[in-house]
Amino acid sequence: MFWKSIVIILGLLASANCAVIPNGLIAQRDVDLDGRIVGGSQTSISSHPWQVSLQRSGLHFCGGSVISSTMVVTAAHCLLKVTVPTLRVRAGSTYRSIGGVISNAAAFKIHEGYSTSTKINDIGVVWLKTKLTLGANIKAIQLATATPQHGAAASCSGWGSTSYNGGSSSHLLYIDTRIVARTECGSSSYGHGSKIRETMICAAGSNKDACQGDSGGPLVSGGKLVGIVSWGTNCALAKYPGVYANVADLRDWVIKQM
């Protein structure tokens, strides 16, 4: 997934719908919750300038979003097994392994109410040692103040796997998807049932989803960050929308950290 030689092939095959495994680590194939871009299309960082790659010891493992020149927001589960000295953020690049700028983490914080069992409050922030220079390829995205309506258009981006347990993309991919309201996502129309809790929002598209390595990445609607890739069942299954942390519900916590 890290080899530049397969970038073009993976990009053409890629798909993106945003469903996520806890930890979103690309190497984790055996968990029931996953997050990666399936059914996606190649894009450039200038079209998603808030997108960043979280890297541990130089390797991509999760996504994130720039919300200020010194802060990135991601999923809480992405930060469970990292340490500040090994955590870096690559911003401003279409590729997860080259280009853009690298900033070391100064500190990070996981939501105090995050639950590893239910995945509620799956949000965290990373403070950067080096201030990002905002411009065409690095921009802060606004946090949603209201939950989008059921059926609203949205998009998700990332460098994760392009199929369940498959290879990932070194080139940034994105998908167009639709918001599935929490009550609808937890209904008998879908398979998640009672796993859909408060602070969650869903999104679904035909043969499109997030996958391993997309965890922590952005779900955007109306030009605002409305969700953070959190978890899912397999990738792009018709009865299982991708599940995201609902930014509108968690916005006040993020603002306090800023």
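Cysteine 185 and cysteine 202 form a disulfide, with 2.1 Å between their sulfur atoms. That's in a predicted model, so keep this in mind as you read on. A search through the whole structure turns up two disulfides, and the other one ties cysteine 62 to cysteine 78. Beyond those links, the main things to look at are a closed barrel of six strands and a nonpolar core of 34 residues.

**The disulfide of cysteine 185 and cysteine 202**

- The link of cysteine 185 and cysteine 202 is left-handed, with -85° about the S-S bond.
- This pair brings together distant parts of the chain: cysteine 185 sits in helix 2 (residues 182-185) and cysteine 202 in strand 10 (residues 200-204), 17 residues apart.
- Cysteine 185 and cysteine 202 are both buried.

**The disulfide of cysteine 62 and cysteine 78**

- The S to S distance between cysteine 62 and cysteine 78 is 2.1 Å.
- The torsion about that S-S bond comes out at about -85°, so this disulfide is left-handed.
- Here too the pair links distant parts of the chain, 16 residues apart: cysteine 62 belongs to strand 3 (residues 59-68), while cysteine 78 is in the loop between strand 4 (71-74) and strand 5 (87-91).
- Cysteine 62 has a relative accessible area of 0%, so it counts as buried.
- Cysteine 78 is buried as well, at 2% relative accessibility.

**The barrel**

- Six strands close up into a barrel in the order 2-3-4-7-6-5, and the pairing is antiparallel.
- From one strand to the next, the twist averages 40°.
- Helix 3 packs on the sheet and touches strand 3, strand 4, strand 6 (101-110) and strand 7. The direction of helix 3 makes about 25° with that of strand 7.
- As a reminder, strands of a sheet pair through backbone hydrogen bonds, either parallel or antiparallel.

**Strand 4 and its partners**

- On one side, strand 4 pairs with strand 3 in the antiparallel sense over three bridges. A hairpin of two residues connects strand 3 to strand 4.
- Serine 68 is found opposite methionine 71 of strand 4.
- Strand 4 also runs antiparallel to strand 7, and four bridges join the two. Within that pairing, valine 73 has valine 125 of strand 7 as its bridge partner.
- Both faces of strand 4 are covered. Met71 and Val73 are buried on one side, and Val72 and Thr74 are buried on the other.

**The nonpolar cores**

- The largest nonpolar core has 34 residues, and Leu54, Val72 and Leu87 make the most contacts inside it.
- Strand 2 (51-56), strand 3, strand 4, strand 5, strand 7 (124-128), strand 12 (224-231) and helix 3 (247-257) each give two or more residues to this core.
- A separate core of twelve residues lies apart from it, including Ile175, Ala203, Leu219 and Val226.
- For context, nonpolar side chains tend to be buried together in soluble globular proteins.

**A closer look at leucine 54 and valine 72**

- Once neighbours within four places in sequence are set aside, leucine 54 is in contact with a list of residues that includes Leu59, Phe61, Cys62, Val72, Leu79, Leu87 and Val89. Other residues on that list are His60, Gly63, Gly64, Thr74 and Arg88.
- Valine 72 belongs to strand 4, and its relative accessible area of 0% makes it buried.
- With the same neighbours left aside, valine 72 is in contact with Val52, Leu54, Gly64, Ser65, Val66, Val89, Gly124, Val125, Val126 and Leu128.
- Valine 72 and tryptophan 50 are 22 residues apart along the chain, and their C-alpha atoms are separated by 9.0 Å.

**Histidine 171**

- Histidine 171 lies in the loop between strand 8 (153-158) and strand 9 (173-180).
- Despite its place in a loop, histidine 171 is buried, with a relative accessible area of 9%.
- A polar atom of the histidine 171 side chain lies 3.5 Å from the backbone oxygen of threonine 43.

Note on methods:
Residues are numbered from 1 along each chain as its sequence is written. This is a predicted model: local features need pLDDT of at least 70, side-chain atom pairs count only at pLDDT 80 or more; totals for chains, interfaces and linings use all residues. Side-chain values use heavy atoms; hydrogens and water are left out. A disulfide is a pair of cysteine sulfur atoms within 2.5 Å. Buried means under 20% relative accessible area, exposed over 50%, partly exposed in between (1.4 Å probe, protein chains only). A nonpolar core is a set of buried Ala, Val, Leu, Ile, Met, Phe, Trp, Tyr and Cys residues joined through side-chain atoms within 4.5 Å. Contact means heavy atoms within 4.5 Å. A polar contact is a pair of N or O atoms within 3.5 Å; within protein, one must be able to donate a hydrogen and the other to accept it, and residues adjacent in sequence count only if both atoms are side-chain atoms. Two strands pair if DSSP finds at least two bridges between them. Axes are lines fitted to C-alpha atoms, for helices over the stretch in contact, and angles run from 0 to 180 degrees between N-to-C directions.
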